[in-house]
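Biologist: I'd like a close look at one part, the surroundings of the ligand. Walk me through what lines that spot, and then work outwards into the rest of the chain.

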Amino acid sequence: MRTLIVDASTYRFTTKPNPTVGAMIVNEEKVLCTGFHTKYGCNHAEVECLNQLDSKNLSAEDKKKLSLLVTLEPCCHHGKTPPCTDEIIKSGIKNVIVGSLDPNPLMSGKGIQVLRDAGINVKTDVLSNEVKKANYSFFFKHKNNRPFICIKIAMSNDGMSHSLNGSSTWITSKKSRDDVQSLRANYDAIVTGGNTVRDDNPRMNARVSYDVNQPRRIVITREKNWDMKMNFFRDNNFEIVNSCQLDEFIKSFQDRDTCSLLIEAGPKLVNSFLDAGLCDQFVIYKSNRDLGQNSVPWFENKNALIKKGFKLKARSYIESDVKEVYTI
Ligand SMILES: NC(=O)c1ccc[n+]([C@@H]2O[C@H](COP(=O)([O-])OP(=O)(O)OC[C@H]3O[C@@H](n4cnc5c(N)ncnc54)[C@H](OP(=O)(O)O)[C@@H]3O)[C@@H](O)[C@H]2O)c1
């Protein structure tokens, strides 16, 4: 089961916002087949695995002796694909071992019950902490009824965000900016403010060398007439949210499958999120270069994050830059 969880998580960039799931069919100690959920909207792991079993031409009696291991509780509802529980029942397998229950309170335990009602032996929660760690934001979303929120900023040595005259200069090194691309690849959506879109004309996608289900780009703004030729609006993977109420904005995700948000904005929107208590993790890429007097500071006070209750969780060095991760 442990290997299955690890192997399944290699697909995390293409399954998100879905969780990563792996399944395996074993005959006593012998592995007959494995399957993974590899891409959002595609087959679930159990179905991938059961499809391979078909080619083994086993008798109904042989199938009764098999066990299906699956990292997350099989679904019993019609979503983008039919219920996995139907496929498991049809397969004739009589033993199912589940890594963790589905954290969605509307689903949790229901898939297990459907299988038990069909006469299948089910053992569950055999490695729930590992499954939870591998699908952190998915479990977070269902526990807290909102997405996991990370704010990321680049900061000069003297605590600045950008120069007052609007001249666009990189604060951190190319290597740090590449690290930001990898950070973005983990998130379901990137959120920014109107000024950043106006001033920087950013692309705000994850430019990495592997396949990624690209984060949705969301701009929060009062502006209704945006120039659709700007980079931010270049394809359909964006949203314009015409509201400045961050609580409402975050509540709007309750019924969506977005599990994680990366806030990448200037000091105004970043501080609004902080003041509203809407931040679970704060990442700073800090350069050793000063921006000087004619620039805009990130915070009014020194040690603003510590004063808000954040604690330094990790510090690493990227060439001459420092990357710090704070959690609350
Ligand atoms: N160093 C970095 O890491 C970094 C990152 C991103 C941006 N920047 C720089 O930051 C500059 C812009 O910063 P900024 O602070 O002026 O703007 P910002 O935070 O990017 O955006 C502020 C805008 O967001 C919208 N907004 C909606 N709800 C809001 C709320 N509750 N609180 C605050 N804003 C809300 C409004 O847009 P409307 O005015 O459209 O209504 C507001 O004017 C850019 O020049 C960019 O270069 C730096």
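**Around the ligand**

Modeller: The shell around the ligand has 25 residues, and the ones that come nearest are G193, G194, N195, G266 and S272. A residue is near a molecule when its C-beta atom, placed from the backbone, lies within 6 Å of it. Bear in mind that this is a predicted model: local features need pLDDT of at least 70, side-chain atom pairs count only at pLDDT 80 or more, and totals for chains, interfaces and linings use all residues. Numbering starts from 1 along each chain, as its sequence is written.

Which elements put two or more residues into that shell? They are β6 (148-155), β7 (160-163), β8 (189-193), α10 (194-200) and α12 (267-275). With five residues, α10 provides the largest share. Those names are DSSP runs numbered from the N terminus, H or I of at least four residues for helices and E of at least two for strands. By chemistry, the shell splits into nine nonpolar, 10 polar and six charged residues. In that tally, Ala, Val, Leu, Ile, Met, Phe, Trp, Tyr, Cys and Pro are nonpolar, Asp, Glu, Lys and Arg are charged, and the others, Gly among them, are polar.

Now step back to the sheet that holds β6 and β8. It is an open sheet of eight strands with mixed pairing, in the order β10-β9-β8-β11-β6-β12-β15-β14. Its edges are β10 (238-241) and β14 (311-318), each pairing on one side only. Strands pair if DSSP finds at least two bridges between them. On average, neighbouring strands here are turned by 20 degrees against each other, direction ignored.

In that order, β11 sits between β8 and β6. β8 runs parallel to β11 (residues 260-263), joined by three bridges, and β6 is also parallel to β11, with four bridges. Going pair by pair, I190 stands opposite L262, V191 faces I263, and I151 has I263 as its bridge partner in β11.

In a regular strand the side chains alternate between the two faces of the sheet. In β11, S260 and L262 point one way, L261 and I263 the other, and all four are buried. Buried means that 20 or more other C-beta atoms lie within 10 Å of a residue's own, exposed means 12 or fewer, partly exposed is in between, and C-beta atoms are placed from the backbone.

Back to α12, one of the shell's contributors. It lies across β6, β8, β9 (216-220) and β11, at about 140 degrees to β6. For such angles, axes are lines fitted to C-alpha atoms, over the stretch in contact for helices, and the range is 0 to 180 degrees between N-to-C directions.

Further out, look at S176, which is in helix α9 (residues 174-185). It is buried, with 20 other C-beta atoms within 10 Å. Leaving out residues up to four places away in sequence, S176 touches Y285, I318, D321 and K323; contact means C-beta atoms, placed from the backbone, within 7 Å. D62 is 114 residues from S176 along the chain, and their C-alpha atoms are 55 Å apart.

Then there's α5 (residues 84-91), where C84, T85, I88 and S91 are buried. Seen down the axis, they fall within an arc of 125 degrees, so they line one face of the helix; the arc is that of the directions from the helix axis to the C-beta atoms. Their cover includes α3 (45-54), α4 (60-64), β3 (66-72), β4 (95-100) and α6 (110-117). Just after α5, G92 has a positive phi of about 90 degrees.

In α6, the buried residues are G111, I112, V114 and L115. Their arc is only 160 degrees, which puts them on the same side of α6. Exposed Q113 and D117 sit on the face turned away from that side. α5, β4 and β5 (121-123) are among what covers the buried residues of α6. Just after α6, G119 takes a positive phi of about 85 degrees.

For the whole picture, the protein chain has 13 helices and 15 strands. Of its 328 residues, 35% are buried, and its C-alpha atoms fill a box of roughly 80 × 40 × 35 Å along the principal axes.

Methods: Two residues are in contact if their C-beta atoms, placed from the backbone, lie within 7 Å.
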